[in-house]
Amino acid sequence: MQTETLVYIILAGITALFIAGFQYKFNKKSMSKLNMLFLFLRFLTVFSVLLLLINPKLEQISLSSIKPNLVLTVDNSSSIKYLNQDANAKSLVEILKNNKDLNTKFNIETYTFGDRLKASDSTTFTENQTNIEDAFSQLSQIYKQSISPTILISDGNQTYGNNYEFAYTSYKQPIYPVILGDTIKHIDLKIQQLNVNKYAYLKNQFPVETILVYNGNTSVNSRFVVTSGNTVVYSETINFTKQNNSKVLNFNLPANTVGVHAYKALLEPLDNEKNTINNFKNFAIEVIDQKTKIALVSNVIHPDLGAIKKSIKSNEQRSVFFLNSNEILSQINDFQLVILYQPNNRFNKLYEVLNSENKNRFTIIGTKTDLNFLNNINKTFTHEITGQTENYQTVLNKNYAPFIVEDIDFESFPPLNSHYGTTSFSVPFETILHKTINGISIKEPLLATYETGSRREAVLFGENIWQWRAQSYLNNKSFHAFDDFIGKLIQYTASNKQKSRLNLEYESFYNGNTNVIIKAEFFDKNYVFDTRETLNITVKNTASNETKKFPLILNNTNYQVDLSSLPASDYEFTVSTSKENISKSGSFKILEYNVEQQFLNADVTKLEQLANNSQGKSFFINNTDNLVESLLNDSRYATIQKSHKNSLPLIDWRYLLIIIALSLSLEWFLRKYNGLI
């Protein structure tokens, strides 16, 4: 409390005493006990009122103790169970969670992880993927501002993601790995990696690359065999020694018939080999009888051209050729789709040929586009000519009907540059992306598609789409999302199939370590996405003839079902509606493969390096006695005491008002009782 305020309070006390004394003491030779009581009550009332007027602020200091966090992260992947460490992991978690000393010193929080991090202490050890680096990346957001030593209970075998050995650079906490698994090196042959394209073309040969690895000290011989059904399509004898312990095989296989073909690659196991599951891998390839050829026509040089080509060619079924507006004229019939990049009057002949051949096309308009020429030669839309340019961002139209479009965070993409002005269509069109300025949609199409007779067209009103591909990579650490979006647009515009009310999206085959997701879109008779329909999928295992039925769940702009629980086999399926008699069928194959069963030992080296880099300490599961002691005795994990000072104005103290009311009431009652009023 300030000195000035204290002086005011003393003066208030003197003033209150003077006023009370003046009324009950002045001109009185002696004071009765009753008058002394009246004087006290009047003093209390006046002094309280003056205190309210002064309104001093009382300071209240509260102390709180903040314990550090102890983060338990448990590897919930199936490799833990395969290495027979599931019971040990569960036992250790229970010991740590129930330790009284640890609970006194730390706030213990438990997480499990497989392909992603979960706030849970329930372990099943059934997840098919392990991404340790992603778990630390998410934890770094949760425990950025706190002291949180972390216990990592894992075998250290990561199936995908960035190298977790350097997770300490983003996760600034000491890490204590508890190593699960056998550290003894057993003799082992395995197929380390098998690389093959997803598609092949009829009557061609497709390449296969295989990396074979041997762990052992003696020289051994084995045989590498590739079979298709009961037929051996390739074989080779392999020799390994301690020094020469890896082989890279490159060979070609024929693609003689159209369809999905499954193969099994086997490195024949040794007699005393402990783990034989990693000796084989299944793979598949889809043979197609034609390749979509796309012409990318431009008379200007722009980075968009390279980005579009890379996105299209990410699907091996498609090939892209750069041509100018004259070169394409003699080979127009070689292409299923023509992309017209920023056309000008030099495209005049090309438009005549495109119209006469009724060719599908995708037009991209930018600042170098000749709008006068385009408005005159194009019969489907016109663009207002203002002589000005504008930067447009975009938002997805969730009611787009012709094909399934996922929102890949379009709103975060940089703006595209194009001519300012409105667009008028003379044919019915569907908008995929709307233009926005400063986050506000102006209800103008940035990307649209339409059909005229048997011809499909798309138009993009903006340049610098290469920046979108770059931003997509920054958002997702991969070009896949953006390339998939462009791929769907190209697939739609390159095809002449009629519009369907029920559209399906699925793969011809799925690897055993990936999610089996089938997506569907259903539209009403006006081709508006219908969220009221109920879709079901009936799946038949062609090997066992077992049939299962699953509902499709509405997920924003599509319906989808996860069939990852199905075992490896060939399947036929039918997606049908419940209210209308509409259905579509297809087939797919699930390949047998469990990446978590490919490991024979714990990755001790990486886990120990992670502990050293993060200033933690590693322990083996059979020697964790010192783990608790190490955490309890570490001076870095002390409880922090914080003080919080509150400034409370006296006018907010309700009891002072009660004192004023009681003193006045009591004084009045006593005066009334004694006949002084």
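**Two sides of helix H1**

On one side of helix H1, Thr3, Ile14, Phe18 and Phe22 are exposed, where exposed means over 50% relative accessible area and buried under 20%, with partly exposed in between, for a 1.4 Å probe and protein chains only. Before I go on, this is a predicted model, in which local features need pLDDT of at least 70 and side-chain atom pairs count only at pLDDT 80 or more, while totals for chains, interfaces and linings use all residues. Residues are numbered from 1 along each chain as its sequence is written, and side-chain values use heavy atoms, with hydrogens and water left out.

Ile14 lies in H1, residues 3-24, helices being DSSP runs of H or I with at least four residues, and strands runs of E with at least two, numbered from the N terminus. Ile14 counts as exposed because its relative accessibility is 52%.

Turning to the other side, Thr5, Ile9, Ala12, Gly13, Ala16, Ala20, Gly21 and Tyr24 of H1 are buried. They cover an arc of only 160° around the axis, so they sit on the same side of H1, the arc being that of the directions from the helix axis to the C-beta atoms. Among what covers these buried residues are helix H2 (33-54) and helix H14 (654-673).

Finally, two loop residues other than glycine deserve a look: Asn84 has a positive phi of about 60°, and Gln342 has one near 50°. Asn84 lies between helix H3 (78-82) and helix H4 (86-98) and is exposed, at 61% relative accessible area, whereas Gln342, between strand S17 (337-341) and helix H8 (348-357), is buried, at 1%.

Note on methods
Contact = heavy atoms within 4.5 Å.
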